[in-house]
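The following note collects points on the strand pairing, helix packing and internal space of the model under review. Please read it alongside the sequence and the coordinates.

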Amino acid sequence: MTTVPPPAAPAPEPISPVQAAALRDGVLPPVEQVRPGVWTLAVPFRGGVPDATLSYVVEGTDGTLAVIDPGWAEDDELAVLRAGLAAIGRSVDQVGLVVVTHLHADHLGAAAALRRASGARIAMHRLEVEALRREREDAAANDADIAGWGLPAELVAGVVAAWGSGRRIGLSRAVEPFADLLVADGDVLPIPGREVRALWTPGHTAGHLCLVDEGDGLLFTGDHVLPRINSGIGLGGRTTTNPLGDLLSSLARLDGYGDLEVCPGHEYRFRDVVTRARTLARHRAERSHHVAAALDTLTSPTLFEVASRVPFSGGIDSMTGFLLASALTQTAFHADLLGRADEIRRD
């Protein structure tokens, strides 16, 4: 018997009216000062995705700049970053550090080009570097998983292309060395005159980092906590732990940071990360409830059959490729955390 979680809280109100308006209107928000020496600028997605990454620029007391999540880049194009820095009277030449919260292309993509242009060091968690190095091996291993999911035959090729041997998890121009500085939980970033500390928050990816700047009252959350989006889990390569369990533990780690202004990787800045994190945890509890209910009803189901009983946004029938693969792997994570993975049949 499973317990239905209480209803989730509404999305938090935006701190930045211009970011909220831009999101509503489908346009890029302007460069905005968050604190003295801290700015946010938006970098558009590539590949036809109508969205943007919120990058953050933090100035050290020596005038050097740290860029948090420089966004996507194609063909080493840094025009948006250059224009954003120019708007605050700064330049790429002043960038000394590029901090990447996680390995996805909309956060990491421009890092290598920015390093080439400025000589900056790239800082990232060790697990993200390891995932980038073994992405081909992981993607090929995913093929074996996909073969056992019980997918309708017409969907298999698209899932293999997006999640299996055709997948590139970084989708970026990342090149070795992927990072010049490996950042671990609790490390203080080398930004002169500032104490910005790394908080390891695995779940979305294995080496995802949030960044805590208590002096300025800021919490940079990457994709760990967003104001309206429920970020996917296990999207950074194969892991030895359950990404759902990792996510729930990481969300609980935010309990002590409720007073900080949240600077997410997308959408808009907001307050009260604790309430939002608990809402995200409740969302996962709801998913677990539906997975458990499906397993209670079905006899020796395939993973696809279980996922078909989970009310994903739009429903499984509307999904193909990456979205479908993500939904199925999330279903598997929930079944595993429930201790019921052995009830699912591999075809």
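1. Two strands are taken to pair if DSSP finds at least two bridges between them. By that criterion, E1 and strand E2 (residues 38–44) are paired in the antiparallel sense, with 3 bridges. The model is a predicted one. In this pairing, Arg-35 has Val-38 in E2 as its bridge partner. The two strands E1 and E2 make a hairpin with 2 residues between them, and Gly-37 in the turn carries a positive phi of about 80 degrees.

2. The hairpin strands belong to an open sheet of 7 strands, in the order E1-E2-E3-E4-E5-E6-E7 and with mixed pairing. Strand E1 (32–35) and strand E7 (181–182) each have a single partner strand, so they stand at the edges and one side of each lacks a neighbour in the sheet.

3. Further along this sheet, strand E5 (residues 95–99) and strand E6 (residues 121–124) run parallel and are joined by 3 bridges. Within E6, Ile-122 is the residue opposite Val-98. Two helices should be considered together with these strands. Helix H4 (residues 111–118) lies across strand E4 (65–68), E5 and E6, and runs at about 165 degrees to E5. Helix H5 (residues 126–133) also packs on the sheet, where it touches E6 and E7; the direction of H5 makes about 100 degrees with that of E6.

4. A second open sheet should be described separately. It has 4 strands in the order E8-E9-E10-E11, and its pairing is mixed. Strand E8 (197–200) and strand E11 (261–264) stand at its edges; each has a single partner strand, so one side of each is left without a neighbour in the sheet. From one strand to the next, the twist averages 25 degrees. Strand E9 (residues 209–213) and strand E10 (residues 218–222) run antiparallel and are joined by 3 bridges, with Leu-211 opposite Phe-220 in E10.

5. Helix H11 takes part in two helix contacts that merit comment. In general, two packed helices are described by the angle between their axes and the distance between the axes. For helix H7 (residues 153–163) and H11, the axes come within 8 Å and cross at roughly 85 degrees. Since angles of 65 to 115 degrees count as roughly perpendicular, H7 and H11 are therefore roughly perpendicular to each other. On the H7 side, the contact is made by Leu-155, Gly-158, Val-159, Ala-162 and Trp-163; on the H11 side, it is made by Gly-321, Phe-322, Leu-324, Ala-325, Ser-326 and Thr-329. By class, this contact of H7 with H11 comprises 7 nonpolar and 4 polar residues, with no charged residues.

6. What is the relation between H8 and H11? The axes of H8 and H11 come within 8 Å and cross at roughly 80 degrees, and the two helices are therefore roughly perpendicular to each other. Here Pro-243, Leu-244, Gly-245 and Leu-248 of H8 meet Phe-333, His-334 and Leu-337 of H11. The contact of H8 with H11 divides into 5 nonpolar and 2 polar residues, with no charged ones.

7. H11 also contributes to the second largest pocket, which has a volume of about 580 Å³. This pocket is lined by 23 residues; Asp-145, Arg-238, Thr-329, Ala-332 and Phe-333 lie nearest its centre. Of these, Thr-329 is also part of the H7 contact, and Phe-333 is part of the H8 contact. Helix H6 (135–147) and helix H11 (321–337) each supply at least two residues of the lining, and H11 gives the largest share, 5 residues. The lining consists of 9 nonpolar, 8 polar and 6 charged residues.

8. How many cavities of 30 Å³ or more does the structure hold? There are 5 cavities of that kind, and about 80 Å³ of space lies in the largest cavity. The residues lining the largest cavity include His-204, Asp-223, His-224, Asn-230, Ser-231 and Gly-232, as well as Leu-247, Leu-251, Leu-280, His-283 and Arg-284. Helix H8 (243–252) and helix H9 (273–297) are the elements that give two or more residues to this lining. The largest share, 3 residues, comes from H9. By class, the lining of the largest cavity divides into 4 nonpolar, 6 polar and 2 charged residues.

How values were computed
Residues are numbered from 1 along each chain as its sequence is written. This is a predicted model: local features need pLDDT of at least 70, side-chain atom pairs count only at pLDDT 80 or more; totals for chains, interfaces and linings use all residues. Side-chain values use heavy atoms; hydrogens and water are left out. On a 1 Å grid over the protein atoms alone, a cavity is a set of points where a 1.4 Å probe fits but cannot get out, and a pocket is an open set with protein on both sides within 12 Å along at least five of seven lines; lining residues have an atom within 4 Å of a point. Grid points are joined across faces, edges and corners, and a volume is the space filled by probe spheres set on the points. Ala, Val, Leu, Ile, Met, Phe, Trp, Tyr, Cys and Pro count as nonpolar, Asp, Glu, Lys and Arg as charged, and the others, Gly among them, as polar. Contact means heavy atoms within 4.5 Å. Axes are lines fitted to C-alpha atoms, for helices over the stretch in contact, and angles run from 0 to 180 degrees between N-to-C directions. Angles under 35 degrees count as roughly parallel, over 145 as roughly antiparallel, 65 to 115 as roughly perpendicular and the rest as oblique.
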